[in-house]
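Work through the exercises below with the coordinates open. Each task is followed by a solution in steps.

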Amino acid sequence: MKQLRNNVIRAGLGALYLSGAHHLLRPLLSGVGAIFMLHHVRPACEAAFQPNRHLEVTPDFLRATLCHLRSRDIDIVSMDELHERLVQGRFDRRFAAFTLDDGYRDNLDYALPVLREFDAPLAVYVTSDFADGTGRLWWTALEAVIAKAEQIDIQIGNSALRLDATSVAAKQAAFDRLHDWLRALPGEQDLAREIGTLCRTYGVDMEALCRGLCLSWAELKSFAADPLVTIGAHSVSHCNLAKQTEDIAAQEMAASRARIEQVLERPVLHLAYPYGDRDAAGAREFALAASAGFKTAVTTRPGMLFAENAGHMTALPRVSLNGNYQDARILPVLTSGAATAMWNGFRRIAAA
């Protein structure tokens with residue numbers, strides 16, 4: 001089903017490009033700017049089984065994106081400046097910001113050198129447990145479990161299941177089923193218990209994965225010293241905030257911010273909601289982020305920025321640079337706003 005959806009999206013992007021419709025729609029739909037969302041930036045992996053491929057782009061695709069923005073005379077700004085332009089209504093020039101979630105080491109190794117070529121700022125949203133080396137990158141751990149197994153035996157509710165994992169297609173089907181099940185569990189303790197059991201059963205060290213992929217506090221301190229870099233908060237544990245009590249959700253935001261500020265000795269004024277979709281961040285979370293004093297907070301809801309977003313600074317949409325669609329031809333479609341407008345039913349603001 002997910003592969004079908006990817007194929008449909010790819011076909012839709014291609015149709016917009018080939019038809020030229022995005023040129024006609026640009027004046028109506030491109031808004032005043034955009035916030036681009038990334039996770040990993042690193043060289044392409046040749047492995048056949050890559051269920052988390054959508055979370056990574058290559059340095060070359062990032063470079064192509066920056067070249068495209070420069071060719072359209074779009075300013076690339078920090079999140080502080082983006083906030084300022086929205087508040088002040090400074091829309092004489094279109095602008096874009098680059099944001100990277102979770103705090104991966106490849107952001108330093110591969111993303112920053114490319115962004116430096118263009119003197120382009122970036123914001124990195126850090127999950128404090130990940131920087132501690134104790135976080136649960138459960139989607140990566142699940143990929144590692146299925147990659148090394150030929151079958152997965154698991155108890156889901158009252159059913160004992162045996163999932164085939166002997167081929168790439170079977171592994172993908174097993175990953176999709178288990179990913180959706182884990183994401184739908186009622187609480188973080190449930191998710192921790194189930195992914196922990198899978199990792200123990202199939203010999204995957206989740207903390208070692210975290211330490212291998214994520215920037216440590218020492219690395220973050222030197223990273224944050226770069227004038228192009230803004231460090232934001234991404235919660236303590238990367239939990240689904242909407243599933244937490246109001247007190248816990250507020251504490252996840254505040255404690256993450258406090259920990260980062262303590263180590264880096266600089267203010268943390270920007271937030272990204274973990275997962276960030278409608279099931280993970282809604283009106284309550286937007287209000288909590290505002291009450292906590294964050295200048296901006298970003299979702300994963302797709303959309304361009306419009307003047308009206310100035311009234312919803314803790315519910316900002318983003319444009320995903322998705323590893324499944326690394327084709328420079330789609331960049332004019334993405335920056336036209338046509339693709340996100342179609343996704344949103346042509347609503348300019350989706351902050352509820």
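The exercises treat helix packing first and enclosed or open space afterwards, all on a predicted model.

**Exercise 1. Helices α3 and α5**

Task: Find how the axes of α3 and α5 are placed, and classify their relative direction.

Solution.
Step 1. Take helix α3 as residues 59-71 and helix α5 as residues 105-117; their axes come within 10 Å.
Step 2. The crossing angle is roughly 25°. Angles under 35 degrees count as roughly parallel, and α3 and α5 are therefore roughly parallel to each other.
Step 3. The handedness of the crossing in which α3 passes α5 is right-handed.
Step 4. On the α3 side the contact residues are P59, L62, R63 and L66, and they meet Y110, A111, V114, L115 and E117 in α5.
Step 5. Sorting the residues of this contact by class gives 7 nonpolar, no polar and 2 charged.

**Exercise 2. Helices α12 and α13**

Task: Which residues form the contact of α12 with α13, and at what angle do these helices pack?

Solution.
Step 1. Helix α12 spans residues 246-264 and helix α13 spans residues 283-291.
Step 2. Their axes are 10 Å apart, and the packing angle is about 50°. That angle makes α12 oblique to α13.
Step 3. α12 and α13 form a right-handed crossing.
Step 4. α12 contributes E246, A249, A250 and M253, while α13 contributes R284, E285, L288 and A289.
Step 5. The class count for the contact of α12 with α13 is 5 nonpolar, no polar and 3 charged residues.

**Exercise 3. Helix α7: one packing partner and one pocket**

Task: Describe the packing of α7 with α10, then state what α7 supplies to the second largest pocket.

Solution.
Step 1. Helix α10 covers residues 206-213, and α7 packs with α10 at an angle of about 115°, the axes being 10 Å apart.
Step 2. The crossing of α7 past α10 is right-handed.
Step 3. From α7, the residues W138, T140, A141 and A144 meet M206, L209 and L213 of α10. By class this contact has 6 nonpolar residues, 1 polar and no charged.
Step 4. Turn to the second largest pocket, which holds about 260 Å³ of space. Its lining has 14 residues, and those closest to its centre are R42, N52, E56, T140 and E143.
Step 5. Helix α7, residues 138-148, gives the largest share of this lining, with 3 residues.
Step 6. The lining of the second largest pocket sorts into 6 nonpolar, 4 polar and 4 charged residues.
Step 7. T140 appears in both lists: T140 of α7 is part of the contact with α10, and T140 is also among the residues closest to the pocket centre.

**Exercise 4. Cavities**

Task: How many cavities of 30 Å³ or more does a search of the whole structure find, and what lines the second largest cavity?

Solution.
Step 1. The search yields 4 cavities at that cut-off of 30 Å³.
Step 2. For the largest cavity the volume is about 90 Å³. Its lining has 11 residues, with F306, T340, A341, R347 and R348 nearest its centre.
Step 3. Classified, the lining of the largest cavity has 5 nonpolar, 4 polar and 2 charged residues.
Step 4. For the second largest cavity the volume is about 50 Å³. L182, R183, L185, G187, E188, L191, N240, K243 and Y275 form its lining.
Step 5. At least two residues of that lining come from each of α8 (168-184) and α9 (188-202).
Step 6. By class, the lining of the second largest cavity has 4 nonpolar, 2 polar and 3 charged residues.

Methods
Residues numbered from 1 in each chain as written. Predicted model: local features only at pLDDT ≥ 70, side-chain atom pairs only at ≥ 80, totals over all residues. Heavy atoms only, no water. Axes fitted to C-alpha atoms, helices over the stretch in contact; angles between N-to-C directions. Helix = DSSP H or I, 4+ residues; strand = E, 2+ residues; numbered from the N terminus. Parallel < 35°, antiparallel > 145°, perpendicular 65-115°, else oblique. Left-handed = near helix turned anticlockwise from the far one by under 90°. Contact = heavy atoms within 4.5 Å. Nonpolar A, V, L, I, M, F, W, Y, C, P; charged D, E, K, R; others polar. 1 Å grid on protein atoms, 1.4 Å probe; cavity = no way out; pocket = protein on both sides within 12 Å on 5 of 7 lines; lining within 4 Å. Points joined across faces, edges and corners; volume = space filled by probe spheres on them.
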